[in-house]
Amino acid sequence: MTNEKEVKNNEENINSKDFLIGSLIGGIVGASVALLFAPKSGREMREDLNTGAQQVRERANEWKDVAYEKGTEWSSQLQERSRDLSDRVKDKTGELQDRVNQFKEEKLNKENKEALEVAEAIEEAAEELERLEADQAYEEAVHKN
């Protein structure tokens, strides 16, 4: 039991020392911070505020310029992609139209009425495909903006 009392006394002494050291360090840090952040005179405060406002203004102008450049870049990329998509749609439509016309000619030469109906159905499907691709290209262009 005696050992337990000595251990408790030692722990209390250590805790008391830690508290005193912590208080002393905290007081020193607090005093240093208070000196560093002490209020300035009115003139100094206005100068600091004006300097800060100028820096914010300059940074806002930089951001505006960057936003303008990015917007222009994205716009040109969107236009380029739209042209590419439009060209691909035209190419595919032309290919389909050529196939349809070739098919029509072959079947008309044989005077087959059923073939003519199939060719017209293919032509209608090609037109519908062209409309769908144009709608898709338009939707992509709208969603990217």
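L116 is partly exposed in this predicted model, because its relative accessible area is 30%, a value that falls between the 20% limit for buried residues and the 50% limit for exposed ones. The residue is found in helix α3. Although L116 and K104 are 12 residues apart along the chain, their C-alpha atoms are separated by 6.2 Å.

K104 turns up again in the surroundings of a second residue of helix α3, E123. Apart from neighbours within four places in sequence, E123 is in contact with Q97, V100 and K104. Is E123 buried or exposed? With a relative accessibility of 18%, E123 counts as buried, because the value is under the 20% limit.

A step back to the whole chain helps to place these residues. The protein has 3 helices and 0 strands, and from the N terminus on its elements follow the order α-α-α. Helix α1 covers residues 2–36, helix α2 covers residues 42–109, and helix α3 covers residues 113–144. Of the 145 residues, 7% count as buried, and E123 is one of the buried residues. The protein exposes about 12,900 Å², and carbon and sulfur atoms supply 54% of this area.

Some of the surface is organised into patches, and one of them is nonpolar. Which residues form this nonpolar patch? The patch is made up of I21, I25, V29, V33 and F37, which together have about 510 Å² of accessible area. One of these residues, V33, has its place in helix α1. V33 counts as partly exposed, because its relative accessibility is 40%. That value also fits the rule for joining a patch, because a patch residue needs over 30% relative accessible area.

A patch of another kind carries negative charge. It is formed by E80, D84, D87, D91, E95 and D98. Among them, D84 lies in helix α2 and has a relative accessibility of 42%, so D84 counts as partly exposed.

Charged residues can also be looked at in pairs. Side chains of opposite charge can pair when their charged atoms come close. How many salt bridges does the protein have? The count comes to 2 salt bridges, where a side-chain nitrogen of Lys or Arg has to be within 4 Å of a carboxyl oxygen of Asp or Glu.

In one salt bridge, K64 is joined to D65, with the closest N and O atoms 3.8 Å apart. K64 is exposed, because its relative accessible area is 52%, while D65, at 40%, is partly exposed.

The other salt bridge links E128 with R131, and here the closest N and O atoms are 2.5 Å apart. Where do these two residues sit relative to each other? Both belong to helix α3, and because they are 3 residues apart, E128 and R131 are separated by about one helical turn. E128 is partly exposed, with a relative accessible area of 34%. R131 is also partly exposed, with a relative accessible area of 46%.

Helix α3 therefore brings several of these results together: E128 and R131 are about one turn apart there, the helix holds E123, and L116 is found in it as well.

Note on methods:
Residues are numbered from 1 along each chain as its sequence is written. This is a predicted model: local features need pLDDT of at least 70, side-chain atom pairs count only at pLDDT 80 or more; totals for chains, interfaces and linings use all residues. Side-chain values use heavy atoms; hydrogens and water are left out. Patches are made of residues with over 30% relative accessible area and no salt bridge: like charges are joined within 9 Å, nonpolar side chains (Val, Leu, Ile, Met, Phe, Trp, Tyr) within 5 Å. Accessible areas come from the Shrake-Rupley method with a 1.4 Å probe; for residues, only the protein chains shown count as cover. Helices (H or I, at least four residues) and strands (E, at least two) are DSSP runs, numbered from the N terminus. Buried means under 20% relative accessible area, exposed over 50%, partly exposed in between (1.4 Å probe, protein chains only). Contact means heavy atoms within 4.5 Å. Lys and Arg count as positive and Asp and Glu as negative; His and the chain ends are not counted. The place of a charge is taken as NZ of Lys, CZ of Arg, CG of Asp or CD of Glu.
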